[in-house]
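Thanks for coming. I will go through one structure today, and I will keep to what can be read from its atoms. Please have a look at the slide.

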Amino acid sequence: MSRSPSIPDRPHRDIDSDLPDDERLEALRGHYEDLVDVNEQLSAQLDDAEDRRQRLREKVDRVERENETLKSSSLYIATVEDVLDDEQVIVKQHGNNQEVLTDVSSRIVDRVEPGDRVAVNDSFAIQSVLDAETDARAQSMEITEKPEVSYADIGGIDEQVREVREAVEQPLAEPELFAEVGIDPPSGVLLYGPPGTGKTMLAKAVANETDATFIKMAGSELVRKFIGEGSRLVRDLFEMARERQPAIIFIDEIDAIATRRTESKTSGDAEVQRTMMQLLSEMDGFEARGEVRIIAATNRFDMLDRAILRPGRFDRLIEVPEPDTAGREQILEIHTRNMNIADGVDFAALADDTDGYSGAEIESLATEAGMFAIRNDRDEVSHQDFADALEKIEEDDSSDVISSAGYFYQ
Ligand SMILES: Nc1ncnc2c1ncn2[C@@H]1O[C@H](COP(=O)(O)OP(=O)(O)OP(=O)(O)O)[C@@H](O)[C@H]1O
């Protein structure tokens with residue numbers, strides 16, 4: 001930056017009043033010229049100063065604009081994995097688990113420790129370390145810009161896929177259809193059925209298909225992990241969805257916050273009640289729902305407070321059952337798509353042998369079969385590997401009470 005110019009001295013001349021007129025006039029003229037000179041110098045300095053002021057103004061404007069952009073652009077949540085020397089850290093981004101080596105500014109480097117949750121910008125530079133409050137919000141929600149699941153990854157529940165598409169996807173993709181006919185699309189969709197049957201997958205696939213942000217909150221966590229914060233987090237959930245629309249809100253294990261009212265009046269129950277009331281009021285006040293759809297899931301349909309099933313709330317119920325034989329075969333095919341499968345693997349027979357298996361259990365069967373192939377030094381998975389895997393799973397299950405016995409959803 002240029003140095004400020006020095007201010008010229010004020011011109012001074014002693015003019016003797018006894019001087020003859022012509023000499024005094026000459027002296028006054030000289031003084032006048034000095035003054036004009038100084039005036040010119042000052043004018044030039046003023047112009048310079050004006051110029052500098054203009055340049056500084058432009059710089060301030062630019063910084064202000066950059067600041068605004070920084071403030072308004074989304075930040076992503078990541079966890080610090082390791083802090084290295086030289087103000088560098090390794091962070092793992094939430095949602096996609098990508099690990100990145102990034103810089104931390106010296107402003108906050110002393111505060112960053114492994115395990116901390118931080119906000120990173122598009123170029124992964126750490127912007128801030130999340131305080132406990134923001135952290136609770138970030139942790140309570142799983143936000144995925146574009147889940148990778150597609151309808152083709154879901155097997156055995158074609159009818160349920162069709163129903164969810166009609167209730168959730170169509171209102172997002174073609175809202176004008178509903179406006180023309182003059183009906184409101186279903187408010188919320190409740191998926192119920194045994195664990196591991198594809199409820200979460202279904203919600204993710206709709207988000208993927210409609211290019212909507214997928215925002216998941218688990219009811220059980222609200223009750224167990226974020227005690228006392230449930231209703232505020234539910235409010236945040238809807239706010240977040242409005243900000244990120246189009247968005248799909250997925251509330252997993254909704255039974256944890258929407259249980260039937262019990263007689264007991266412990267403080268825990270009161271807190272759960274408050275969380276549920278907040279959820280109901282968010283849904284009721286969601287007139288201008290815009291491009292936000294709500295899907296909830298439960299394995300415990302029997303426990304649900306009927307208040308959440310009233311019209312305008314979760315008024316579309318879709319049962320997602322365990323897959324039948326044909327469904328199991330389809331799911332086996334899906335989960336072995338990327339596996340090196342030997343000729344002679346009989347999926348139909350395996351589907352017959354896996355009565356009562358959920359989609360998730362079939363997925364572990366495929367993985368377990370792959371493990372048998374690896375143990376036997378083969379890169380092809382044989383029918384025998386599947387048979388061995390099945391036997392192992394049955395053995396493990398009989399020792400820890402087969403999972404399919406422990407839920408109710410009617
Ligand atoms: N119908 C299905 N088709 C293909 N894969 C499935 C299916 N159902 C479950 N899976 C597999 O099981 C995993 C778990 O499924 P998902 O989380 O969708 O089940 P869920 O019904 O939401 O279970 P929970 O009630 O326990 O939350 C999926 O990631 C997928 O790999």
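One term before anything else: a residue is called buried when its relative accessible area is under 20%. With that cut-off, Phe-347 and Phe-386 are both buried. I will come back to that pair. Please keep in mind that this is a predicted model.

Now the overall picture. The chain has 410 residues, and 39% of them are buried. In it there are 12 helices and 11 strands. About 23400 Å² of the chain is exposed, and 46% of that comes from carbon and sulfur atoms. Take the contacts between residues at least 6 apart in sequence: 70% of these join residues at least 24 apart.

Next, the aromatic rings. How many aromatic pairs does the structure hold? There are three. One of them is Tyr-192 with Phe-301, a stacked pair, at 4.3 Å centre to centre with 20 degrees between the planes. Tyr-192 sits in strand β7, Phe-301 in the loop between β10 and β11, and 109 residues separate the two along the chain. Both of these residues are buried. Another pair is the one I opened with. Phe-347 and Phe-386 meet edge-to-face, with 6.2 Å between centres and 90 degrees between planes. Phe-347 belongs to helix α10 and Phe-386 to helix α12, so this pair ties together parts that are 39 residues apart in sequence.

On to the ligand. Which residues come nearest to it? Of the 17 around the ligand, they are Gly-196, Lys-199, Thr-200, His-335 and Glu-363. Backbone atoms take part here as well. A polar backbone atom of Gly-196 is 2.8 Å from an oxygen atom of the ligand. For Thr-197 the corresponding distance, again from a polar backbone atom to a ligand oxygen, is 3.1 Å. For Gly-198 it is 3.1 Å, also from a polar backbone atom to a ligand oxygen. On its own the ligand has 620 Å² of accessible area, and the protein covers 81% of that.

Lys-199 is also where helix α5 begins, as that helix spans residues 199–209. Further along α5 is Ala-205. Is Ala-205 buried or exposed? Its relative accessible area is 1%, so it counts as buried. Leaving out residues up to four places away in sequence, Ala-205 touches Val-149, Ser-150, Tyr-151 and Ile-154. Ser-150 is 55 residues away from Ala-205 in sequence, yet their C-alpha atoms are 4.6 Å apart.

Last, some backbone details. As background, most residues other than glycine have a negative phi, and most peptide bonds are trans. Here are some exceptions in this model. Asp-211 has a positive phi, near 55 degrees. It lies in the loop between α5 and β8, and with a relative accessible area of 53% Asp-211 is exposed. Glu-253 has a positive phi of about 50 degrees. This residue is in the loop between β9 and α8, and Glu-253 is partly exposed, at 29%. Phe-124 also has a positive phi, near 70 degrees, in the hairpin of β4 and β5. Those two strands run antiparallel and are joined by three bridges; in one of them, Val-120 is partnered with Ile-126.

Where is the cis peptide bond? It joins Gln-245 and Pro-246, with omega at about 0 degrees. Pro-246 is in the loop between α7 and β9.

That is the end of my part.

Conventions. Residues are numbered from 1 along each chain as its sequence is written. This is a predicted model: local features need pLDDT of at least 70, side-chain atom pairs count only at pLDDT 80 or more; totals for chains, interfaces and linings use all residues. Side-chain values use heavy atoms; hydrogens and water are left out. Helices (H or I, at least four residues) and strands (E, at least two) are DSSP runs, numbered from the N terminus. Buried means under 20% relative accessible area, exposed over 50%, partly exposed in between (1.4 Å probe, protein chains only). Contact means heavy atoms within 4.5 Å. Accessible areas come from the Shrake-Rupley method with a 1.4 Å probe; for residues, only the protein chains shown count as cover. Two strands pair if DSSP finds at least two bridges between them. A residue is near a molecule or strand if one of its heavy atoms lies within 4 Å of it. A polar contact is a pair of N or O atoms within 3.5 Å; within protein, one must be able to donate a hydrogen and the other to accept it, and residues adjacent in sequence count only if both atoms are side-chain atoms. Rings of Phe, Tyr and Trp (its six-membered ring) pair if their centres lie within 6.5 Å; planes under 30 degrees apart count as stacked, over 60 as edge-to-face and the rest as tilted.
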